[in-house]
Amino acid sequence: MGQVKRVKKQGVVMKPSMTLLSATALAAVLAAVLPLQAQAQEDELVLGMPIEPPNLDPTSAAPVAIREVTWLNLYEGLVQIDRNGEVQPLLAESWEVSEDGLTYTFQLREGVTFHDGSSFEAEDVKFAFDRARSPDSTNAQKQIFAPIEEIETPDDHTVVITLSEPSGNFLYYLGWGDAVIVAPESAGTNQTDPVGTGPFKFDDWVRGDRVELSRFEDYWNADAVHLDRVTFRFINDAQAQVAALRAGDVHAFPNLGAPELFAEFSGDERFTAVAGNTEGEIVAGLNNQRSPFDDVRVRQALMHGIDRSVLIEGAYAGFGQPIGSHFSPNHPAYVDTSGVLPYDPVRARELLAEAGHGDGLSLTLKTPQMAYASRSSELIAALLADIGVQVEIRPTEFPAQWIEEVFSNKDYDMTIVAHTEPLDIDIYQRDGYYFQYENPEFKALIEEISVTPDEAERFELYAQAQQTLAEDVPALFLFQLPKLGVWDARLEGLWESTPMPSNVVRDVRWVE
Amino acid sequence: MTALRTVVRHPTLNLGGLVTLLLLGTAVVSQVWTPASPTQIQITQRLAPPLQAGLLGADHFGRDLTSLLMVGAWNSLSIAFVAVLLGMAGGVLLGTLAAAWRGWAEEVVMRLADVTFAFPAVLSAIMIAALIGPGATTAVIAIGVFNIPVFARVSRAAALQVWERDFVLAARSAGKGPVLITLHHVLPNIAGLLVVQATIQLALAILAEAGLSFLGVGMPPPHPSWGRMLSDAQTYLSQAPHLAILPGLAIALAVLGLNMLGDGLRDIIDPKLRRKR
């Protein structure tokens, strides 16, 4: 018995010493690793994104996640949209536009090479644009290339583009991710093995987890690039995003998933927390061909029934700007139309009664799973119940199910989604678009805009278009999606607002 | 007299019964009265802690948490109840038939039960949700299907014992068929056991329902649901911990109460177990 007891005692004594030992060992390992990590951080950036892109070719499909990884990091266009939304030269050093607005002559930058070593020449521009506008192209913004009549390459560093009619926004559109230059040798495999002229080249893509890029040594402006390695990590869960930031696993989350968690960072000096703007208008689209939403009075009643400030407070913790039309407040042509159909439940009930729905109305709201959408839906349902409209919320998984049911088959009453493309007010005149909105006047207005090269005139027309939508409400215009960015306070150069959906890391560097 | 005394003196049973009664009462009351409308949004009350807005505070839309929890109890209980009833009906039918006929019928039923048992309720719910979309029906079917093998096993095992008894032998020799014997002799004799099992399954079903709502395949908003309240509360944990604690507590209490009730009932109904104590 006594012996057994002693053994037991020894066991008890052993335990703490073992713990101590392992703790010491751990500390030693940490001590050895930590300085290394800090050193590596100097030229390495891990950037978090909520959604993984389906492929890495921005000229192939619409999802913004593709641009958020690739635009200006892997690929470059003739021109670029800068952080203030303005057009700047990129692969084209300069350009001239003819008097009639039909001929654009671009002088290309010399000494530019693609990641595979092939040189960038005028032929590549012709190839890229011809590919994008060919009938079998899957480019998501084919309207960019629609006015192009002919592309000529008088020499290796000159491109002359002739348009069939003047296009007011042609240069602006060429700055989009959809108009980047790809090479004939690699265009076919860009989806999985992207090759561009950007400051970083593609290393690896671990599906479901991360995309790794590294510095492209032969970049034409290599001196301006400070990072050696950039990793894009995909973390969908808002809690996990915050945990990753706090643990230092991710250095930057330019688009934090949960606005209510953003406040935690704004008081923390280790982090920079910036509330910027995206180009995303959150709209509750209506099926304008389906009764009773073909009646403008019903649509106006629904808009009158929604208190935008409640939505912004409840769905986005108070961040976000109310909108009355489909136009970004970042754009110089923006006019504030949020007061055209303000929150007015009494007027809403009157309009419903006029339209013959005095005894109420019921509709289904197909809601994607994104937090801003599902929260807004619950609030919309509660607000509309006050004006006698019963809303049944139907969770609809985005993108697959939503694209099929709402976008393609138009089988819905109301839905809610953020439209993140810049300057996309023209979607309301597109035939077969999911709103099914038909307004010849509006269509004519958009057509006029597209052939008006004069900026002041064009902006005036944009103002008219915004006003038309604000009164006709083919969709309920709710609020501008904010961009709540959080990153390590020692990081410099990330964009605070995104005039284009993007995560441009070219100018990013660590400072002390 | 002694039976009554056992009931009165059984603390687990009493406590479990009390909690369950409270839960049932809350659920029923919620159908006729709540302190406020559970869908009424008052954005100024957003994230208000308990006692500052209503008894238990307000959620991230400023809705009254007390009312949400009360209606949540009804939704949770009704889904769990229907699902268990469904599972019990199917399971008892299969189990007693397997016991009555034996042979290949029994083999088929029991192996099918094994296969179903191997699928977690959550997995089957997600599969069903993919087919017919998320909703109360999805939750009921998924949890119900998961309950069938449980009841099939329990009722078969109990029924087999009854089949060995002398009075069944007597009935058989009197020319009664297996269906009649099952109805007249087997079912009354295993009913108590089934009630015990059902109480425990009810607790599990509430837990499963909360899990499904948490994952977004339960009752859609704006119907209040404990599981979804928990899921919504995640990102507010540091600002408003009561949003997570209260529905969590409700789920825990409901499950604990039903489990205790089930344990207590078993002690009383199963005499063999009682004698052992």
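In an unreviewed entry, UniProt lists residues 12-33, 77-100, 112-132, 190-219 and 239-262 of chain B as "transmembrane region". The coordinates discussed here are those of a predicted model, and the annotation of chain B can be set beside the secondary structure that the model shows. A second annotation from an unreviewed UniProt entry, "domain: ABC transmembrane type-1", covers residues 73-262 of chain B. The table gives helix and strand content, with the separation of the end C-alpha atoms, for this span and for two of the listed regions.

| Span of chain B | Helix | Strand | Distance between end C-alpha atoms |
|---|---|---|---|
| residues 73-262 | 84% | 0% | 19 Å |
| residues 77-100 | 100% | 0% | 33 Å |
| residues 190-219 | 83% | 0% | 34 Å |

**Helix H2 of chain B**

Helix H2 of chain B, residues 11-30, has 20 residues and reaches 28 Å from its first C-alpha to its last, which is close to the 28 Å expected at 1.5 Å a residue. Its buried residues are B:Leu13, B:Gly16, B:Thr20, B:Leu23, B:Thr26, B:Ala27 and B:Ser30. Because these residues cover an arc of only 170 degrees around the axis, they lie on the same side of H2(B). The face of H2(B) turned away from that buried side carries the exposed residues B:Pro11, B:Leu21 and B:Gly25.

**Chain A as a whole**

Chain A contains 13 helices and 20 strands, and its C-alpha trace spans about 95 × 70 × 35 Å along the principal axes. Of the 512 residues in chain A, 44% are buried. Among the contacts in chain A with a separation of 6 or more, 70% are between residues 24 or more positions apart.

**Strand pairings in chain A**

Two sets of strands in chain A can be described in detail, one with parallel pairing and one with antiparallel pairing. The former is an open sheet of three strands in the order S15-S14-S16, with parallel pairing. Its edge strands are S15(A) and strand S16 (414-415) of chain A, each of which pairs on one side only. Strand S14 (residues 361-367) of chain A runs parallel to S15(A) and is joined to it by seven bridges, and within this pairing A:Leu363 has A:Val391 of S15(A) as its bridge partner.

The antiparallel pair consists of S6(A) and strand S7 (residues 158-163) of chain A, which are paired over five bridges and are joined by a hairpin through two residues. In this pair A:Glu152 stands opposite A:Val160 of S7(A). Strand S6 (residues 148-155) of chain A has eight residues, and the number of them that are buried is zero, so S6(A) lies largely in the open.

**The contact between chains A and B**

Between the two chains, 18 residues of chain A are in contact with 16 residues of chain B. On the side of chain A that touches chain B, at least two residues each are supplied by helix H5 (238-247), helix H6 (259-266), helix H8 (308-316), helix H10 (371-385) and strand S15 (389-395) of chain A. The largest share comes from H10(A), with five residues. By class, this side of chain A has 10 nonpolar, three polar and five charged residues. S15(A) thus appears in two settings, as an edge strand of the open sheet and as one of the elements supplying residues to the side of chain A that touches chain B.

Notes:
Residues numbered from 1 in each chain as written. Chains lettered and ligands numbered in written order. Predicted model: local features only at pLDDT ≥ 70, side-chain atom pairs only at ≥ 80, totals over all residues. Contact = placed C-beta atoms within 7 Å. Helix = DSSP H or I, 4+ residues; strand = E, 2+ residues; numbered from the N terminus. Nonpolar A, V, L, I, M, F, W, Y, C, P; charged D, E, K, R; others polar. Pairing = 2+ DSSP bridges. Expected span 1.5 Å × (residues − 1). Buried ≥ 20, exposed ≤ 12 C-beta atoms within 10 Å, placed from the backbone. Arc of directions from axis to C-beta. UniProt positions renumbered as here; feature names shortened; annotations may be inferred.
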